[in-house]
2 protein chains.
Amino acid sequence: MNAIAYAHDHREEALEQLKHFLRIPSISTLSEHQEDMQRAAQWLQEQLTGLGMERVEIAPTPGHPIVYAEWLQAEGAPTVLIYGHYDVQPPDPLKEWQSDPFTPTEREGQLYARGASDDKGQLLVHVRALEALMKSAGGFPVNVKCLFEGEEEIGSTNLDAWINSNRERLAADVAIISDSHILNEQQPTIVYGLRGLSYIEVHVESARSDLHSGIYGGAVHNPLQALCEIIAQLHDNTGRITVPGFYDKVRPLDPEERAELARVPYNEDTLLEETGAPMAWGEPEFSVVERTTARPTLEVNGMGGGFMGEGAKTVLPAKAAAKLSMRLVPDQDPWEIATLVSEHLRKLAPPTIRLEVRELHHGWGAIIPRDIPPMKAASEAYEEVFGVRPIFVREGGSIPVVATLKKELGIDTVLMGFGLPDDNLHAPNEKMNISMFYRGIETAILFYQKLAEVM
Amino acid sequence: MNAIAYAHDHREEALEQLKHFLRIPSISTLSEHQEDMQRAAQWLQEQLTGLGMERVEIAPTPGHPIVYAEWLQAEGAPTVLIYGHYDVQPPDPLKEWQSDPFTPTEREGQLYARGASDDKGQLLVHVRALEALMKSAGGFPVNVKCLFEGEEEIGSTNLDAWINSNRERLAADVAIISDSHILNEQQPTIVYGLRGLSYIEVHVESARSDLHSGIYGGAVHNPLQALCEIIAQLHDNTGRITVPGFYDKVRPLDPEERAELARVPYNEDTLLEETGAPMAWGEPEFSVVERTTARPTLEVNGMGGGFMGEGAKTVLPAKAAAKLSMRLVPDQDPWEIATLVSEHLRKLAPPTIRLEVRELHHGWGAIIPRDIPPMKAASEAYEEVFGVRPIFVREGGSIPVVATLKKELGIDTVLMGFGLPDDNLHAPNEKMNISMFYRGIETAILFYQKLAEVM
């Protein structure tokens, strides 16, 4: 029996295995889930050991552990490094989930759960592909190293240092990551560009404690109002970011690349249909595809202060805070951008309040050459399973490890996504299309087989 | 034994009684405290019956009940209507309280608890004054009617209708309310002006669910950003409200009244010391006292959206909301102002988002003549206990019942406050100065005695 047939015959087992993985609430950002993070790492270790990987270990870091495994018996064949992450985003707002985020639930061909697509489902695609190859042929066509981290959703705080300390052990010819989405079920896409990220928090204070708005209102600057006034100045009315120097290092889009991005069958109508937004927004001189993948952005990810419970409370709050993140494109430096934005925020702060900026985490963007052999292997694997050639696209999200792998190990990464745009990543009702999960396993099998041929 | 001596000898009993009252978490705005509201009303009923009031009843309303009682045996003497409220604000943010908000705790001459000053402590001043008069003289020098409601903190939703249906029963010559503060422990003040209130909620939505900021950021208008941009336009950079028509009905301050308000020993330095704010804010052509008492304001009482938990979440939220309230001065109409602000918000809303305004509750401001006989009685009572004549001031807060009593019963209200400016009303660590509580009881006794003489 060949690997594809094996995978086909063991689909239900694969789905049950994914559900097991999804039941572990491995939320890296919440300290009360520390134990669940350990459980998720142990569970992964067991799966990798079970399918025949060697030197499987849970490597401690100052934060959540890294799960590492290897299999190096494909003499003379290239070595591929598989990266994935077993941590997930918090499920808030909980009440908008139609089923419990940590009780995987099938509805109309979709599997709903936090992490279903980002990234447990896509990580397991590779675990199942390796299992199919091992069970059907007794080994892999390439040498394999697995690097699964537990801090992707909190900025991979300890990953870079760990990779740096384990450079020889991690040596490989190429990396593969499935942590992105394709255009739609019919049209696969290969991501060759990623945005970087800077994430900061802004805190504004006026009085030392909450005040009665009737007694002090009108003479003390309301911190929520002040924060609104500051945030409102970060974009001009065309959606362009006003922070001085923000666009200085943005690599201009050349006409050839713009023409290619224009071939992506995605426009304002698609955007409005997918999101339900009443109207598109943003820099008018760039297309929707360019705005979301090839242009930097500044978002308010959260903001709060004062009383937001039921009913009315006439409070003049003492504090207000917001979480801001900037999506960056080559060649913007995330640390430099964080500094520029922080300096601008401090400049905008009036003397009637106190403002503090805290930097949370940063990551570089990346662009991967479209013409290297592993890209060919990926393209052919997709075409064989989906029946059409994939389109090369840039993606708006951030996978900072791509830049780290290039810097530390000197290797390029193939971003082979099996998610879909409506997977509700980081949002309520996250899901994985079950058919995409199955086709992902087959595509990964073919990729590993073709990699041995092209490299 | 006269009433003052009785009150003096029963101080500890009075304080214990107040602590009992404060242990009932009668938070009118939170539906889970429905039963506590009933308990508070019953407790009040028992106290009034116990001291000798007649026809004591818990009158149901569509919301929280009204506690009513009367004693009408002072033939030929005037009738005074005592108003107070037994409901309190929510205690959030809980973690900033130094002791539990519903476990009254004495520290350095202060009694800390939610409602200690607003208004349970000040309401009980009158209950204790009546008790002292009854126990020492077998009756009151005036006829007394008590009207204690449980919905003051949520806009007295059902009070106006109840007063309107009980006009004959409530007929009186004057009303007295202790639900305000005096300047400081040495200098009593009598409030003759109150601000009105309009309270609304603004809801902004873009997408139908939360989005990944990496995938959609840059092409969908962030609702938090949009709400910031809208709120930032509600004031100009001098602190003046920009809503068209907002100031049209504001009665101008004449030079005589401005001169009187200038005598209040309160300035920017006092404000900064009390609040800890780094600098005063607001309309530069008005003094701090005028801004907080005689000028209308617009405050953001709460705002929220997106992820504000620990760490980072790269979400583009679907929704954002804010609670806004306007403090109003004669002759602004709260309903008209709510309409003006709502219309302006809708005009400011860009087509890239959906905006909805919900009106929460409204109340009129008031100005009471300073030369009526009950004001003389109050002034003399204060002077006898504190040793100095009180100053007449306007207050920034809202007590809409004052306008209702004038409209429905044709009577003026004496606002005899026993709070202090640092009582932390509506904020963590609310407290009542224990000495003020005792002096309040004595001042109230004297007020009732003098009222019988001057009217």
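These exercises walk through a predicted model with chains A and B.

**Exercise 1. The domains of chain A**

Task: State how chain A is divided, and describe where its domains touch.

Solution.
Step 1. Take the bounds. Domain 1 of chain A covers 3-194 + 365-454, and domain 2 covers 196-250 + 296-363.
Step 2. Take the spacing. The C-alpha centres of domain 1 of chain A and domain 2 of chain A are 35 Å apart.
Step 3. Look at the contact. Eight residues of domain 1 of chain A touch eleven residues of domain 2 of chain A.
Step 4. Sort the domain 1 side by class. That side of chain A has three nonpolar residues, five polar ones and no charged ones.

**Exercise 2. Two copies**

Task: Find the rotation that superposes chain B on chain A, and name the relation.

Solution.
Step 1. Recall the general form. Two copies of a chain are related by a rotation about an axis and a shift along it.
Step 2. Fill in the values. Chain B superposes on chain A by a rotation of 180 degrees, with 0.0 Å of shift along the axis and an RMSD of 0.0 Å.
Step 3. Name it. This is the relation of a two-fold axis.
Step 4. Compare the surfaces. Both copies use the same surface, since 100% of the contact residues of chain B recur in chain A.

**Exercise 3. The interface between the chains**

Task: How many residues of chain B are in contact with chain A, and which element gives the largest share?

Solution.
Step 1. Count both sides. In this contact, 84 residues of chain B meet 84 residues of chain A.
Step 2. Find the main contributor. Strand S11 (residues 297-306) of chain B supplies nine residues, the largest share of the chain B side.
Step 3. Split the chain B side by class. The side of chain B that touches chain A has 35 nonpolar, 35 polar and 14 charged residues.

**Exercise 4. Helices H3 and H4 of chain B**

Task: Are H3(B) and H4(B) roughly parallel or oblique to each other?

Solution.
Step 1. Locate the pair. Helix H3 of chain B spans residues 34-51, and helix H4 of chain B spans residues 120-137.
Step 2. Read the geometry. They pack at an angle of about 20 degrees, with axes 9 Å apart.
Step 3. Apply the cut-off. Angles under 35 degrees count as roughly parallel, so H3(B) and H4(B) are roughly parallel to each other.
Step 4. Add the hand. The crossing of H3(B) and H4(B) is left-handed.
Step 5. List the partners. From H3(B) come B:Gln47, B:Leu48 and B:Leu51; from H4(B) come B:Val127, B:Leu130, B:Glu131 and B:Met134.
Step 6. Sort them. The contact of H3(B) with H4(B) has five nonpolar residues, one polar and one charged.

**Exercise 5. Helices H2 and H4 of chain A**

Task: Describe how H2(A) passes H4(A), and name the residues in contact.

Solution.
Step 1. Read the geometry. The axes of helix H2 (residues 11-22) of chain A and helix H4 (residues 120-137) of chain A come within 10 Å and cross at roughly 135 degrees.
Step 2. Classify the angle. That makes H2(A) oblique to H4(A).
Step 3. Add the hand. The crossing of H2(A) and H4(A) is right-handed.
Step 4. List the partners. H2(A) brings A:Ala14, A:Gln17, A:Leu18, A:Phe21 and A:Leu22, while H4(A) brings A:Lys120, A:Gly121, A:Leu124 and A:Arg128.
Step 5. Sort them. Five residues in the contact of H2(A) with H4(A) are nonpolar, two are polar and two are charged.

**Exercise 6. Backbone details**

Task: Which residues does each cis peptide bond join, and where does A:Asn429 lie?

Solution.
Step 1. Start in chain A. A cis peptide bond links A:Asp92 to A:Pro93, with omega about -10 degrees.
Step 2. Place A:Pro93. This residue is in the loop between strand S3 (79-85) and strand S4 (105-107) of chain A.
Step 3. Go to chain B. The bond from B:Asp118 to B:Asp119 is cis, with omega near 5 degrees.
Step 4. Place B:Asp119. This residue is in the loop between strand S5 (110-112) and H4 of chain B.
Step 5. Turn to A:Asn429. A:Asn429 is not a glycine, yet has a positive phi of about 60 degrees. A:Asn429 lies in the loop between strand S17 (413-415) and strand S18 (431-433) of chain A.

How values were computed: Residues numbered from 1 in each chain as written. Chains lettered and ligands numbered in written order. Predicted model: local features only at pLDDT ≥ 70, side-chain atom pairs only at ≥ 80, totals over all residues. Domains from an automatic or database assignment. Contact = placed C-beta atoms within 7 Å. Nonpolar A, V, L, I, M, F, W, Y, C, P; charged D, E, K, R; others polar. Least-squares fit on C-alpha atoms with pLDDT ≥ 70 in both. Axes fitted to C-alpha atoms, helices over the stretch in contact; angles between N-to-C directions. Helix = DSSP H or I, 4+ residues; strand = E, 2+ residues; numbered from the N terminus. Parallel < 35°, antiparallel > 145°, perpendicular 65-115°, else oblique. Left-handed = near helix turned anticlockwise from the far one by under 90°.
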